[in-house]
Amino acid sequence: MQQTQCNRCGRAVPGYDIIHYGSMDGGYREICSKCFNTEAAASGGLDKFEHAELAPVQLADCDGETHLFHFRARLIEKIRRALSTKHVREDSYGLRIADHQVVRGWIDWDEFGRMLISFEGWQFKLEIRDRSEEL
Ligand SMILES: [Zn+2]
């Protein structure tokens, strides 16, 4: 498998692990997913970030042919999705559920109860998800 050298850490990594990262103003670099996630975590203020090395998995299809799957954890995409929607807003009454009326993430139960007061008589749907799932 063709190897490419990361422009940040200098490691030689498989081509699928390289990300063309940067901007039109600052230029682009080819960096490995570990460096990409580290930079994304730093720019997002995550100071305790640990990059997850995901081992490839080999699975057989219905014909018995095996396929090798490589997984990448792209933190920046998850951060962008999480930051793209504001689920609560604060006004003179305290925290309130935003206009799209969907709340995701970690919320103190007392605060959540206070936010629901303005929806008395409404129906609501509650989903409980594992921490590892993206909301
Ligand atoms: Zn690197």
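**Hairpin, core and overall shape**

User: Which residue in β8 stands opposite R89?
Analyst: This is a predicted model, where local features need pLDDT of at least 70 and side-chain atom pairs count only at pLDDT 80 or more, while totals for chains, interfaces and linings use all residues. Residues are numbered from 1 along each chain as its sequence is written. Strands here are DSSP E runs of at least two residues and helices are H or I runs of at least four, both numbered from the N terminus. Across from R89, in β8, sits R96.

User: Over how many bridges do β7 and β8 pair?
Analyst: β7 covers residues 88–91 and β8 covers residues 94–97. They make a hairpin with two residues between them. Strands pair if DSSP finds at least two bridges between them. For β7 and β8, the pairing is antiparallel and the bridge count is four.

User: What does L116 count as, going by its C-beta neighbours inside 10 Å?
Analyst: L116 belongs to helix α3, residues 109–116. A residue is buried with 20 or more other C-beta atoms (placed from the backbone) within 10 Å of its own, exposed with 12 or fewer, and partly exposed in between. L116 has 13 such neighbours, so it counts as partly exposed.

User: How far apart in space are L116 and V88, C-alpha to C-alpha?
Analyst: Along the sequence, 28 residues separate L116 from V88. In space, their C-alpha atoms are apart by 12 Å.

User: Which element gives the most to the largest nonpolar core?
Analyst: A nonpolar core is a set of buried Ala, Val, Leu, Ile, Met, Phe, Trp, Tyr and Cys residues joined through C-beta atoms within 7 Å. The largest one has eight residues: C6, I18, I19, I31, C32, C35, F36 and A40. Two or more of them come from each of β3 (18–23), β4 (27–32) and α1 (33–43). The biggest giver, with three residues, is α1.

User: What is the chain's radius of gyration?
Analyst: The radius is taken over C-alpha atoms, and the globule rule is 2.2 Å times the number of residues to the power 0.38. A compact globule of 135 residues would come out near 14 Å. The C-alpha trace spans about 60 × 50 × 25 Å along its principal axes, and the chain's radius of gyration is 21 Å.

User: What distance separates the centres of domain 1 and domain 2?
Analyst: The bounds come from an automatic or database domain assignment. Domain 1 runs 3–83 and domain 2 runs 88–119. Taken over C-alpha atoms, their centres are separated by 35 Å.
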